[in-house]
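Notebook open, coffee poured. I want to go through this one from the overall fold down to single residues.

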Amino acid sequence: MSDSSPAAVPAPDSAPPAVVLDIWCELQCPDCRTALADLRALRERYGDRLEPRLRHFPLEKHRHAFAAAQAAEEAAEQGRGWPYVEAVLARVEELDRGGEPFLVEVARELGLDAEEFDTALIDGRHILIVDADQAEGKAIGVTGTPTYVIGGERLDGGKSQEGLRERVEEIANRLLAGQG
């Protein structure tokens with residue numbers, strides 16, 4: 001007997017899955033701030049066909065990076081992950097000076113539940129996510145930020161941003177062409 005269940009056949013109008021772009025990032029990293037322009041351009045070009053996923057890789061040299069990664073997870077839980085990440089990266093110097101109170105203030109400015117942010121930073125509810133991202137990053141050879149992984153290829157933006165967006169576009173185009 002053949003299995004001809006309707007669930008096994010995709011609907012003709014269903015969109016192909018988006019190409020995933022993992023971005024190993026650290027919110028106290030000036031290079032990650034620079035990479036935001038590329039990320040915005042990629043989002044504009046590909047829309048829903050590209051799924052940028054924030055992956056955390058806090059560096060020991062930045063004392064507020066681990067807390068910022070946890071705060072980004074809380075922002076994502078409250079539905080404003082990327083706007084929060086962009087707001088913090090835009091003000092790296094303030095994060096350097098202000099630490100956790102600055103992270104809570106950014107949440108307040110974006111209309112998020114700042115009290116819940118403060119509680120999340122105290123109770124550490126997002127530590128396991130940050131630790132898992134960092135461990136996975138180390139396992140695949142991430143040493144600095146930003147580092148991109150798309151289609152199984154790792155691109156190190158911590159050394160240079162030069163030509164990186166073009167390389168991501170080449171890989172995305174190849175992956176998207178292969179879906180059709």
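Below are my entries, in the order I looked things up.

**Fold.** I started with a reminder to myself that this is a predicted model. I then went through the secondary structure and got 7 helices and 4 strands. Going along the sequence, I wrote the order down as β-α-β-α-α-α-α-α-β-β-α.

**Whole chain.** The chain has 180 residues, and 44% of them are buried. I also looked at contacts with a separation of 6 or more, and 71% of those are between residues 24 or more positions apart. For the surface I noted about 9700 Å² exposed, with 51% of that coming from carbon and sulfur atoms.

**Helix α3.** Next I went to α3, residues 81–89, and asked how many of its residues are buried. I got 7 of 9, so I put this helix down as mostly covered, taking under 20% relative accessible area as buried. The buried ones are G81, Y84, V85, E86, A87, V88 and L89. What covers them? My list includes two strands, β1 (19–25) and β2 (50–56). It also includes the helices α1 (30–46), α2 (65–77), α4 and α5 (114–123).

**Q70.** One of those covering helices, α2, is where I found Q70. Is Q70 buried or exposed? It is buried, because its relative accessible area is 7%, and the cut-off for buried is under 20%. I then looked up what Q70 touches, leaving out residues up to four places away in sequence. The partners are A120, L121, G124, H126, I127 and V130. Of these, I placed A120 and L121 in α5, which spans 114–123, and I127 and V130 in α6, which spans 127–139.

**Negative patch.** On the surface I came across a patch of negative charge, and asked which residues gather there. They are E100, D113, E115 and D118. I followed up on E100, which sits in helix α4, residues 92–109. E100 counts as partly exposed because its relative accessible area is 37%, and that class runs between the 20% and 50% cut-offs. For E115 and D118, I noted that both fall within α5 (114–123).

**Cis peptide.** Last entry: I checked the bond joining T145 and P146. It is a cis peptide bond, with omega at about -5 degrees. P146 itself lies in a loop, the one between α6 (127–139) and β3 (147–150).

Definitions and conventions:
Residues numbered from 1 in each chain as written. Predicted model: local features only at pLDDT ≥ 70, side-chain atom pairs only at ≥ 80, totals over all residues. Heavy atoms only, no water. Buried < 20%, exposed > 50% of the residue type's maximum accessible area, 1.4 Å probe, protein only. Contact = heavy atoms within 4.5 Å. Areas by Shrake-Rupley, 256 points an atom, 1.4 Å probe, with all protein chains shown as cover. Patch = residues over 30% accessible without salt bridge, like charges linked within 9 Å, V, L, I, M, F, W, Y side chains within 5 Å. Salt bridge = Lys/Arg side-chain N within 4 Å of Asp/Glu carboxyl O. Lys, Arg positive; Asp, Glu negative; His and termini not counted. Charge placed at Lys NZ, Arg CZ, Asp CG, Glu CD.
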